Amino acid sequence: MSSSLSTTLIVDTITNIVNLSLTSGQFHPILKESVISPLLKKSTLDKDQLSNYRPISNLSLISKIIERIVKSRLTDHITSNKLLNPHQSAYCKHHSTETTLLYIHDHLINAIGSQKLSCLCLLDLSAAFDTIDQAKQWLIFYLTGRSYCVIQGGKTSPVIQVTCSVPQGSVLGPLLFILYTADLTELASTFGVKLHAFADDNQLHVHCDLSNVLSVNALEQ
């Protein structure tokens, strides 16, 4: 069998698997099984502290191919309908760490120029990727019924059933996460607080005149 024929057969088979997943609204259970090899976040951290490791999932190639196609279609939909948080950096095209820093820096400098005081609150969601849940049929199949085992030091843990999360290392997970947290900006604005997000880090900031701070202190006294 020639290499070109083999390639055609593989492509046709994968295409059929992807189309069946999308048309049936299902994500096969085998594709939801993952193996985790814990990675230390920083080389200087204590290796005996489990919280210092990232649970990166090793997923099948077919799983990631399907995810990439769904991500492409979902991204087109949410972009054309302006469903993304406009103040979200990371996992968004042309929005990086630099975007976040410039945004916050600009607001703080403008506040200083207006002789205002600024208050900045930095929020970092703990185990952020473990909090996602969704409602659509395909996403329900994709997110639910997942399992994983951990391989460390040549030993394999028992299989663990996942009740609520997306696997770190997945293609679709980051996009689902920022959709999950998209309402934070609107919620913060109802309290007069500005918010800019980078992945699971959120910067909330407010600015006010010195006289307002002094009047609040006087009332408290």
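Over residues 216-221 of this predicted model, pLDDT (the predictor's confidence in each residue, from 0 to 100) stays under 50, and the model has zero contacts (heavy atoms within 4.5 Å) beyond four places in sequence for this stretch. Where pLDDT is low, the predicted coordinates should not be read in detail. Among the elements (DSSP runs numbered from the N terminus, with helices H or I of at least four residues and strands E of at least two), helix H7 (residues 210-220) has the lowest mean pLDDT, 57, whereas strand S8 (residues 155-156) has the highest, 90. For the chain, the mean is 79, with 86% of residues reaching 70 or more.

Seven helices and eleven strands make up the secondary structure of the chain. Of its 221 residues, 29% are buried, that is, under 20% relative accessible area, with exposed meaning over 50% and partly exposed in between (1.4 Å probe, protein chains only).

Helix H3 (residues 97-113) invites a closer look. Its buried residues are Thr100, Tyr103, Ile104, His107 and Ala111. They lie on the same side of H3, because the arc that they cover around the axis is only 85°, taken from the directions from the helix axis to the C-beta atoms. Their cover includes strands S5 (88-89), S6 (116-124), S10 (194-198) and S11 (201-209). On the face turned away from the buried side sit the exposed residues Glu98, Leu101, Leu102, Ile112 and Gly113. After H3 comes Gln115, with a positive phi near 60°.

Residues are numbered from 1 along each chain as its sequence is written. In this predicted model, local features need pLDDT of at least 70 and side-chain atom pairs count only at 80 or more, while totals for chains, interfaces and linings use all residues, and side-chain values use heavy atoms, leaving out hydrogens and water.

Methods: Expected span 1.5 Å × (residues − 1).
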